[in-house]
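The following paragraphs lead the reader through one protein chain, beginning with a single residue and ending with the chain as a whole. Please keep the sequence and the structure in view while reading.

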Amino acid sequence: MENSFTYQPATDRYDRMQYKYCGKSGLQLPLISLGLWHNFGSVDNFNVATDMIKYAFDHGITHFDLANNYGPVSGSAETNFGRILKDNFQGYRDEMIISSKAGHEMWAGPYGDGSSRKNLMASINQSLRRTGLEYFDIFYSHRYDGVTPVEETIQTLIDIVKQGKALYIGISKYPPEQARIAYEMMAKAGVPCLISQYRYSMFDRAVEAETLPLAAKFGSGFIAFSPLAQGLLTDKYLNGIPEGSRAARSSGFLQRSQVTPEKIEAARQLNEIARLRGQTLAEMALAWVLRDKRMTSVIVGASSVNQLADNLKALEHLDFTPDDLAEIEQILSRTI
């Protein structure tokens, strides 16, 4: 049954969030963005998904991050999000930043995967239809596929902007060598790379060596996904692998083998630092990602309004003392 009342977003929503300019652009993003990778697909509870989108917007989260293959089933997160927008956010499109991506397998056959012009053009057209949008604010190449010349992929992104199908473009998970080519080509075309999206957390710091400095050099903003290491940086695994958790499943992005005794012990020690700071481990982990001045935003996932509310509490304590950072570094150096 549909709600008998019309949803009205909170009038003080922008007072509840902090915003930051994305790289060298004039676009501001909320420090915390909502990702729809999990929990917004056709197998998930649509009413819970709707409530999370409403709660996010009510608390100043203006950026919603999608990809064409998010679900399951693939494409269903975009379809559900489009329905939520239509039912609840008529008249608020200009207050939202909506991003999507293409590059991972989406449909059968040789054209439904990879980073070719054929795939990207078909993908954005499909994504626009599923969401019911006229354009995306940000459209990403979801990955470098190892085969398609970077020049082909990036020229397609540039053309997507020139065709009015996206306002800005970005890259995700590109190796440094290919990222450099992308940044240079975009800049030369007058359509600079707005943002770079990579996995980053206390337990995955690979981007610190080359990727993050390279993005900053070319004026690209930076947004982190999986900041809680698929739940390892929460209190969920402090005493092992609980029933029903991601790591307990036979398939998924967090495998039982990744929940090592070393990481559990590190999480316990980090949890104690967080407790002394008056935070949960998850709150501190999000604040830690945002400590770097080059970081524009962090993408959180959520399975409930309560979980999203807990993540937003990270904004209440973003500062770290030198002693905090030194102690955290010492713990992580023994883990990674």
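The model shown here is predicted, and the tour begins at Asp65. Asp65 has a relative accessible area of 2%; because buried means under 20%, this residue counts as buried. Its place is in strand β4. What does the side chain of Asp65 make a polar contact with? The partner is the side chain of Ser99, at 2.7 Å.

The surroundings of Asp65 include residues from several parts of the sequence. Leaving out residues up to four places away in sequence, Asp65 touches Leu34, Gly35 and Leu36, as well as Tyr70, Ser99, Lys101, Tyr140, Gln197 and Ile299. One of these neighbours, Gly35, is 30 residues apart from Asp65 along the chain, yet the two C-alpha atoms are separated by 4.7 Å. The student may find it useful to locate both residues in the sequence and then in the structure.

Strand β4 covers residues 63-65, and the loop between β4 and α2 (76-88) holds the next residue of interest, Asn68. Is Asn68 buried or exposed? Its relative accessible area is 0%, so Asn68 is buried. Residues up to four places away in sequence again being set aside, Asn68 touches Ser74, Gly75 and Glu78 on the one hand, and Ser100, Lys101, Ala102, Met106, Ser123, Ser127 and Arg130 on the other. Lys101 therefore deserves a second look: it is among the residues that Asn68 touches, and it is also among those that Asp65 touches.

One member of this list, Ser123, can be followed further. The side chains of Asn68 and Ser123 make a polar contact at 3.4 Å. Ser123 lies in helix α3, and with a relative accessible area of 0% it is buried. Beyond its neighbours within four places in sequence, Ser123 is in contact with Asn68, Ala102 and Trp107. Ala102 thus appears in the surroundings of Ser123 and in those of Asn68.

Helix α3 spans residues 117-131, and Ser116 is placed in the loop between β5 (97-102) and this helix. A polar atom of the side chain of Ser116 lies 3.1 Å from the backbone nitrogen of Asn119. Which residues does Ser116 touch, if those up to four places away in sequence are not counted? They are Asp145, Thr148 and Glu152. Ile181 is 65 residues apart from Ser116 along the chain, and the C-alpha atoms of these two residues are separated by 16 Å.

The view may now widen to the whole chain. Its secondary structure comprises 10 helices and 10 strands. The radius of gyration is 20 Å, close to the 20 Å given by the globule rule for 336 residues, so the chain is as compact as a globular protein of that length. Along its principal axes, the C-alpha trace spans about 55 × 50 × 40 Å.

Burial and contacts can be described for the entire chain as well. Of its 336 residues, 55% count as buried. Among contacts between residues at least 6 apart in sequence, 75% join residues at least 24 apart; the pair of Asp65 and Gly35, 30 residues apart, has already been introduced.

The surface and the charges complete the account. The chain exposes about 15100 Å², and carbon and sulfur atoms supply 49% of this area. There are 35 positive and 38 negative charges, and their mean positions are 3 Å apart.

Key: Residues numbered from 1 in each chain as written. Predicted model: local features only at pLDDT ≥ 70, side-chain atom pairs only at ≥ 80, totals over all residues. Heavy atoms only, no water. Helix = DSSP H or I, 4+ residues; strand = E, 2+ residues; numbered from the N terminus. Rg over C-alpha atoms; globule rule 2.2 N^0.38 Å. Buried < 20%, exposed > 50% of the residue type's maximum accessible area, 1.4 Å probe, protein only. Contact = heavy atoms within 4.5 Å. Areas by Shrake-Rupley, 256 points an atom, 1.4 Å probe, with all protein chains shown as cover. Lys, Arg positive; Asp, Glu negative; His and termini not counted. Charge placed at Lys NZ, Arg CZ, Asp CG, Glu CD. Polar contact = N/O pair within 3.5 Å; in protein donor to acceptor, adjacent residues only side chain to side chain.
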